[in-house]
Amino acid sequence: MTVKEAELEIIEDFNQFDEWLDKYEYLIDLGKDLAPLDEKYKTDENLIKGCQSRVWVHSEVVNGKIVFTADSDAIITKGMISLLIKIYSGRTAKEITDSDFAFVDAIGLRENLSQTRSGGLSAMIAKIREIASSQE
């Protein structure tokens, strides 16, 4: 599955819901389904700056692809990072850096988040891009 196909799948998932309250519930469910990050990776180096909540992203390269794991101390934030991992984990650095992350706006996520959560989402995207750029 390509990045675009994964993004379209997420868009379709969100389009199942008419109300944003239901979409938030879906985000919460995604956060609950995200495997916890090993405590040894909850370091300052992996902590995303710019998020109101604490969010850690760990990455490693496996067979030329970047595998992300993450965690957060806030459930909606954990759902947001889970979305990003669902699409971008297991991709090459080029696939990630070539992505425009447009699905975020297509599902209306940024416009329906508080200003601080929206800033946190931008920080998460920037961190994933930064990690991918460092691997190119």
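Where is Asn63 found? Asn63 sits in the loop between β1 (55–62) and β2, and the close-up views below start there.

The model is predicted, with local features needing pLDDT of at least 70, side-chain atom pairs counting only at pLDDT 80 or more, and totals for chains, interfaces and linings using all residues. Residues are numbered from 1 along each chain as its sequence is written, and side-chain values use heavy atoms, leaving out hydrogens and water.

**View 1. Asn63 in the loop between β1 and β2**. Helices (H or I, at least four residues) and strands (E, at least two) are DSSP runs, numbered from the N terminus. Asn63 is not a glycine, yet its phi is positive, at about 55°. With a relative accessible area of 76%, Asn63 is exposed; here buried means under 20% relative accessible area, exposed over 50%, and partly exposed in between (1.4 Å probe, protein chains only). Val62, in strand β1, counts as partly exposed at 35% relative accessibility. The C-alpha atoms of Val62 and Arg91 are 9.7 Å apart, with their positions 29 residues apart along the chain.

**View 2. Phe101 in the loop between α4 (93–98) and α5 (103–106)**. Phe101 is another residue to look at for its backbone: its phi is positive, about 55°, although Phe101 is not a glycine. Phe101 is buried, with a relative accessible area of 2%.

**View 3. Asp71 and its surroundings in strand β2 (residues 65–72)**. Asp71 has a relative accessible area of 5% and is buried. Its side chain makes a polar contact of 3.2 Å with the side chain of Lys42, and a polar contact of 3.2 Å also joins the side chains of Asp71 and Lys78. A polar contact is a pair of N or O atoms within 3.5 Å; within protein, one must be able to donate a hydrogen and the other to accept it, and residues adjacent in sequence count only if both atoms are side-chain atoms. Not counting residues up to four places away in sequence, Asp71 touches Pro36, Leu37, Lys42, Arg54, Val55, Trp56 and Lys78, where contact means heavy atoms within 4.5 Å.

**View 4. Ile107 in the loop between α5 and α6**. Is Ile107 buried or exposed? At 4% relative accessibility, Ile107 counts as buried. Leaving aside neighbours within four places in sequence, Ile107 is in contact with Ile10, Ile11, Phe14, Trp20, Lys23 and Leu83. For Ile107 and Phe14, 93 residues apart along the chain, the C-alpha atoms are separated by 6.3 Å.

**View 5. Helix α3 (residues 75–88) against helix α6 (residues 115–135)**. The two axes come within 11 Å and cross at roughly 30°. That makes α3 roughly parallel to α6, as angles under 35 degrees count as roughly parallel. Axes are lines fitted to C-alpha atoms, for helices over the stretch in contact, and angles run from 0 to 180 degrees between N-to-C directions. From α3, Ile76, Thr77, Met80, Ile81, Leu84 and Tyr88 meet Arg117, Leu121, Met124, Ile125 and Ile128 of α6. The residues of this contact divide into 9 nonpolar, 1 polar and 1 charged; Ala, Val, Leu, Ile, Met, Phe, Trp, Tyr, Cys and Pro count as nonpolar, Asp, Glu, Lys and Arg as charged, and the others, Gly among them, as polar.

**View 6. Helix α1 (residues 3–15) with α3**. Here the axes come within 8 Å and cross at roughly 140°. Val3, Ala6, Glu7, Ile10, Asp13 and Phe14 of α1 meet Leu83, Lys86, Ile87 and Tyr88 of α3.

Methods:
Angles under 35 degrees count as roughly parallel, over 145 as roughly antiparallel, 65 to 115 as roughly perpendicular and the rest as oblique.
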